[in-house]
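This briefing concerns a predicted model. It treats the surroundings of the ligand, and then the pairing of strands.

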Amino acid sequence: MNAVDVINKKRRGEALSTEEIEYMVMGFTNGVILDYQMSALLMAICLQGMTKEETVQLTRIMRDSGETVDLSEIRGIKVDKHSTGGVGDKTTLIVAPIAAACGVPIAKMSGRGLGFTGGTVDKMESIPGFVTSMERDAFIRSVNEIGIAVIGQTGHIAPADKKMYALRDVTGTTESISLITSSIMSKKLAAGADAIVLDVKCGSGAFMKTYEDARELAAWMVDIGRGNGKSMTAVISDMEQPLGNVVGNALEVREAIDVLSGGGPKDIRALSLRLAAEMILLGGRSGGDRAKAEAIALEALDSGAALEKFRQFVTNQGGDPRITVDQSLLGEAGFAVEVRAAADGYVTALDAMQVGLASQHAGAGREKKEDDIDMSAGIILAKKTGDEVRAGDLLCTVYGNNEAKVKTGAEEAHKAYSIGPDKPEQPALIKEIID
Ligand code: URA
C-alpha cells in the first residue's frame, strides 16, 4: 500500500477500505505518513466525503490510536458535553459548573481553537495560573472531591486526532461531517464518560452551515455514541451570529463569569441552562424528568451554587479565584479599535464566521499550528442582529496587543455587519433536541 494511491482513490470519490484508513491514520500518527500527504487526504475527504461505514471505522481507528480512560473510580454517572465549535461559545465554562453543582460528576477533556472557532482550553489558559493538564490520579481525585475537573485533551487520548486536528486547523480542512464526527467521537469514546450531550452548531459561524447538515452530523454522532454503549443527546443550536456579546479568550471568560453571577446576555444564559439541564437529565439527577432538570439547573445558577463551583474549580486547577470579583486580573489589551455604522437602519445579519475570523486575525486564534495566542485579543459586540442603529453608532470594538493585527481585525469585523431598512426575524436559538 502507498499513500499516493490512497489519496488518489479518495480524490476520485471512492470509499476507502478499513486497511487503507488504518494505514494512513496510524502511519501519520507514527510519523511515517508526512504532513503534506495527510493534508492531501484530508482535503480529498472534505471534497468527496466518506460513507457512514468509513466514518465508523475512522472513529474506531482514531479512538484506538491511544489510551482509553477508565473513569470507574468516579462515583455516579459521568456526563460529558461537547460543542462542534462556534464563535463566542463559552458554554463549557458555564455549563460544567452548573451541572457539577447539581451533582453530575464532570471529568472533562476539552480542545483548543480550530479554524475561526475558539476552544475551551485556550479560554481557560487565559485565567492567571490555571493549569489545563493533570496526572490521571489528580484528575480522578479532583472529580471525587469537588465534582469537576476540565483538562486539555492529553497526547495519550486519540493521538491521531490531536495531530489531525492541528493539521486541519491550518489547511482549510475542518468542514467535513466525517472528519468532525470522527474527531469528536474518537475523543469522547476514549475519554470514558457514560453519557454525552452534544451541542451541534448550525449557521455561518459553524462548520455545518445548514440545518440539514447539522442534523446529519448530530444523527451520525448520536448513532456512533449509542453503538458504543453511551447515552446520547444532541442539541442543535443556532450559530448564524456569535453567541453572547464577546469573542476572544479572556473576554469570553469574563462573560462566562457574568452569566454565572446571574447576568450576561440572554442567549448564552438560555443555551447554557438548556445544555446543563440535558446533562442533569442524562446524569440521572432529575428522575428522567426534563422540566425538573431545567428547574434544578436554574436553581443552581440563581442561588450562586454554580458560581461557587466555578471558584472551586478554578482554585483546584491553580487559577486565581479572585477573577470572579475582579475581572481586571484577566488582563487588559494594549489596543482597541472601534467599528462604527456607516448608515441608519437595523443590523440585518452579523456573520459569525466573519466575526470569528476578525477575532482570530486580531490575535485570538492561530493561523499556523505553532502560533501563540494573544489572550487579550477579541471583540466586544455593541450591536447584534435585530438591533436598530444610526450612522456613527458603535457596532463593536476590537482588542489586542498588536496594533496592526487589531486594525486588520477591525476592518474584517466591519464586514461582518449587514445593515438594512427592515428589522429582521430572529432565528430560534435552539432548533431541535435529538434524544
Ligand atoms: N471539535 C472537535 O473536537 N473536532 C472537530 O473536528 C470539530 C470540533
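**Ligand site and strand pairing**

Helix H9 makes the greatest contribution to the shell around the ligand, supplying four residues. H9 spans residues 177-190, and together with helix H8 (159-169) it is one of the helices that each provide at least two shell residues. The ligand itself sits in the largest cavity of the predicted model.

**Composition of the shell**

- The ligand is surrounded by His82, Thr84, Leu114, Tyr165, Arg168, Ile180, Ser183, Ile184, Lys187 and Phe207.
- Sorted by class, five residues of this shell are nonpolar, three are polar and two are charged.

**Polar contacts and cover**

- The side chain of Lys187 has an N or O atom 2.5 Å from an oxygen atom of the ligand.
- In the case of Ser183, a side-chain N or O atom lies 2.6 Å from a nitrogen atom of the ligand.
- For His82, the distance between a side-chain N or O atom and an oxygen atom of the ligand is 3.2 Å.
- On its own the ligand has 230 Å² of accessible area, of which the protein covers 97%.

**Strand pairing**

- Strand S8 (residues 345-350) pairs with strand S10 (residues 388-389) in the antiparallel sense, over two bridges.
- Within this pairing, Val389 in S10 is the bridge partner of Gly345.
- S8 also pairs with strand S12 (residues 417-420), in the antiparallel sense and over four bridges.
- Here Ser418 in S12 stands opposite Ala349.

How values were computed:
Residues numbered from 1 in each chain as written. Predicted model: local features only at pLDDT ≥ 70, side-chain atom pairs only at ≥ 80, totals over all residues. Heavy atoms only, no water. Near = heavy atom within 4 Å. Polar contact = N/O pair within 3.5 Å; in protein donor to acceptor, adjacent residues only side chain to side chain. Areas by Shrake-Rupley, 256 points an atom, 1.4 Å probe, with all protein chains shown as cover. 1 Å grid on protein atoms, 1.4 Å probe; cavity = no way out; pocket = protein on both sides within 12 Å on 5 of 7 lines; lining within 4 Å. Sits in = over half its atoms within 2 Å of the grid points. Nonpolar A, V, L, I, M, F, W, Y, C, P; charged D, E, K, R; others polar. Pairing = 2+ DSSP bridges.
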